[in-house]
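User: Please take a close look at one part of this model, the strand pairing around the largest pocket. I would like one connected account that I can follow on the structure.

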Amino acid sequence: MSEKIINVSGYGLFCLSITSFTEFLRVHKLRAKKLNAFFDKNRDLLEQAIQTGSWLPVATINSIEYLVEVGTTADLQTFGKDWQEVLCLANCNLRVGADAAVWVGTLDTLDAWNPTEYGSKESISYQTMDGETLFSAYKFDVEPSAYKVTLRGFKRRQALDYPAANYGFAYELHPADNFDSFANPLVEEVNIARM
């Protein structure tokens, strides 16, 4: 499995199913293109989106590279003995729609939200001025369902030189019958680079 490293250039990370997130926006008649600014001003809708599993934002983290992984407990294999778990936040909600996939990406890409950009791609990338390819989002195949997510944060026991990612997040998925309760990662300390 190749490592999926996201370069966070601002804000934080999101985890979402394009169809579930788009449906939430449609139901609430949200047409804003700059979604970060919109949700900052409309905290009630932001919390409702988190509670219903329409998306899972992780904000106020350092702007660095993060290794990311999504899957069931049996699927998660990226973070082995060279990593130390520094964060475990259970009871987050995530609903995966008919697209049978979730995307993990940098929150600043939501300031020019265009769901068609994700189409049939496996990742979203861009070139720096010196020709380096950086990734801002990755797709993970996930069965359509409701999930309780345990967000796990890791850091390397021995830091490596750039371009290696020394921090990472694993989104551990557990099938759920309901979303009666939820953890809001926006009110928790999730900045693993400071742990």
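Analyst: This is a predicted model. A convenient place to start is Tyr126, which stands opposite Leu134 in β8. Tyr126 and Leu134 belong to an antiparallel pairing in which strand β7 (residues 123-127) and β8 are joined over five bridges. Five residues lie between the two strands of this hairpin, and one of the residues in the hairpin, Gly131, takes a positive phi near 85 degrees.

β8 also has a second partner. Strand β6 (residues 101-106) runs antiparallel to β8, and five bridges join the two. Here Val104 stands opposite Tyr138 in β8.

From β8 the view moves to the largest pocket. Both β8 (133-141) and β4 supply at least two residues each to the lining. The space in this pocket comes to about 210 Å³. Its lining consists of 15 residues, and the closest to the centre are Val70, Gly71, Phe140, Asp141 and Val142. By class, seven residues of the lining are charged, six are nonpolar and two are polar.

The other contributor, β4, sits in an open sheet of five strands with mixed pairing, in the order β1-β4-β10-β9-β5. β1 (5-7) and β5 (83-96) are the edge strands, each pairing on one side only. On average, neighbouring strands of this sheet are turned by 25 degrees against each other, direction ignored. At the β1 edge, three bridges join β1 to β4 (residues 65-71), and the two run antiparallel. Within that pairing, Ile5 stands opposite Leu67 in β4.

Terms used:
Residues are numbered from 1 along each chain as its sequence is written. This is a predicted model: local features need pLDDT of at least 70, side-chain atom pairs count only at pLDDT 80 or more; totals for chains, interfaces and linings use all residues. Side-chain values use heavy atoms; hydrogens and water are left out. Two strands pair if DSSP finds at least two bridges between them. Helices (H or I, at least four residues) and strands (E, at least two) are DSSP runs, numbered from the N terminus. Axes are lines fitted to C-alpha atoms, for helices over the stretch in contact, and angles run from 0 to 180 degrees between N-to-C directions. On a 1 Å grid over the protein atoms alone, a cavity is a set of points where a 1.4 Å probe fits but cannot get out, and a pocket is an open set with protein on both sides within 12 Å along at least five of seven lines; lining residues have an atom within 4 Å of a point. Grid points are joined across faces, edges and corners, and a volume is the space filled by probe spheres set on the points. Ala, Val, Leu, Ile, Met, Phe, Trp, Tyr, Cys and Pro count as nonpolar, Asp, Glu, Lys and Arg as charged, and the others, Gly among them, as polar.
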